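Visitor: I would like a close look at a single part of this model. Please take me through it slowly, in one connected answer.

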Amino acid sequence: MVVYTVKQIQGGQWAICRMGFALFKDMQLGPAIELARTVARDEYTRSRRPVSIEMHDAKAVIPLGSYDRANAPARIVAS
């Protein structure tokens, strides 16, 4: 499973990470969530591997959506 995370970074901005590496950073939260979902959907469409999106903050891990074959074509949790 591929996991994209949206996490807060220095200065109150947000980053989109995959496997611990920031792919995009210095974003506002709303656009970061939208872009993470777009990137995850694209990854699923290309690879057909299960993909999930999570938001990590100081207190919790919040699922934002997932794409997998069992829930084809996609299942998104509304934010």
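Visitor: How many bridges join strand 1 to strand 4, and do the two run parallel or antiparallel?

Guide: Strand 1 (residues 2–8) and strand 4 (residues 51–56) are joined by 6 bridges, and they run parallel. This is a predicted model, so a word on confidence comes before the details. The chain has a mean pLDDT of 89, with 87% of its residues at 70 or more. Among the elements of the chain, strand 2 (residues 14–18) has the highest mean pLDDT, 97, and strand 6 (residues 75–76) the lowest, 53. Where pLDDT is low, the predicted coordinates should not be read in detail.

Back to strand 4. Its residue Ser52 is the bridge partner of Val3. Ser52 also has a bridge partner in strand 5, namely Ser66. Strand 5 covers residues 61–67, and it pairs with strand 4 in the antiparallel sense over 6 bridges. The two form a hairpin, with 4 residues between them. Strand 4 thus has a parallel pairing with strand 1 and an antiparallel pairing with strand 5.

Strand 5 also leads to a helix, by way of an aromatic contact. The count of aromatic pairs comes to 1. That pair is Tyr44 with Tyr67, stacked, at 6.0 Å centre to centre and with 25 degrees between the planes. Tyr44 lies in helix 1 and Tyr67 in strand 5, 23 residues apart, and the pair links distant parts of the chain. Both tyrosines are buried.

Now helix 1 itself. Helix 1 takes in residues 29–47, which is 19 residues, and reaches 27 Å from its first C-alpha to its last, close to the 27 Å expected at 1.5 Å a residue. Tyr44 has company among the buried residues of helix 1: Ala32, Ile33, Ala36, Arg37, Val39, Ala40 and Glu43 are buried as well. These residues, Tyr44 included, are on the same side of helix 1 because they cover an arc of only 165 degrees around the axis. The general background is that an α-helix has 3.6 residues a turn, so residues three or four places apart point the same way. On the other side of helix 1, Glu34, Thr45 and Arg46 are exposed. After helix 1 comes Arg48, with a positive phi near 60 degrees.

To put the part together: strand 4 is joined to strand 1 by 6 bridges and forms a hairpin with strand 5, while Tyr67 of strand 5 links to Tyr44 of helix 1.

Notes:
Residues are numbered from 1 along each chain as its sequence is written. This is a predicted model: local features need pLDDT of at least 70, side-chain atom pairs count only at pLDDT 80 or more; totals for chains, interfaces and linings use all residues. Side-chain values use heavy atoms; hydrogens and water are left out. The expected span of a helix is 1.5 Å times one less than its number of residues. Buried means under 20% relative accessible area, exposed over 50%, partly exposed in between (1.4 Å probe, protein chains only). The arc is that of the directions from the helix axis to the C-beta atoms. pLDDT is the predictor's confidence in each residue, from 0 to 100. Two strands pair if DSSP finds at least two bridges between them. Rings of Phe, Tyr and Trp (its six-membered ring) pair if their centres lie within 6.5 Å; planes under 30 degrees apart count as stacked, over 60 as edge-to-face and the rest as tilted.
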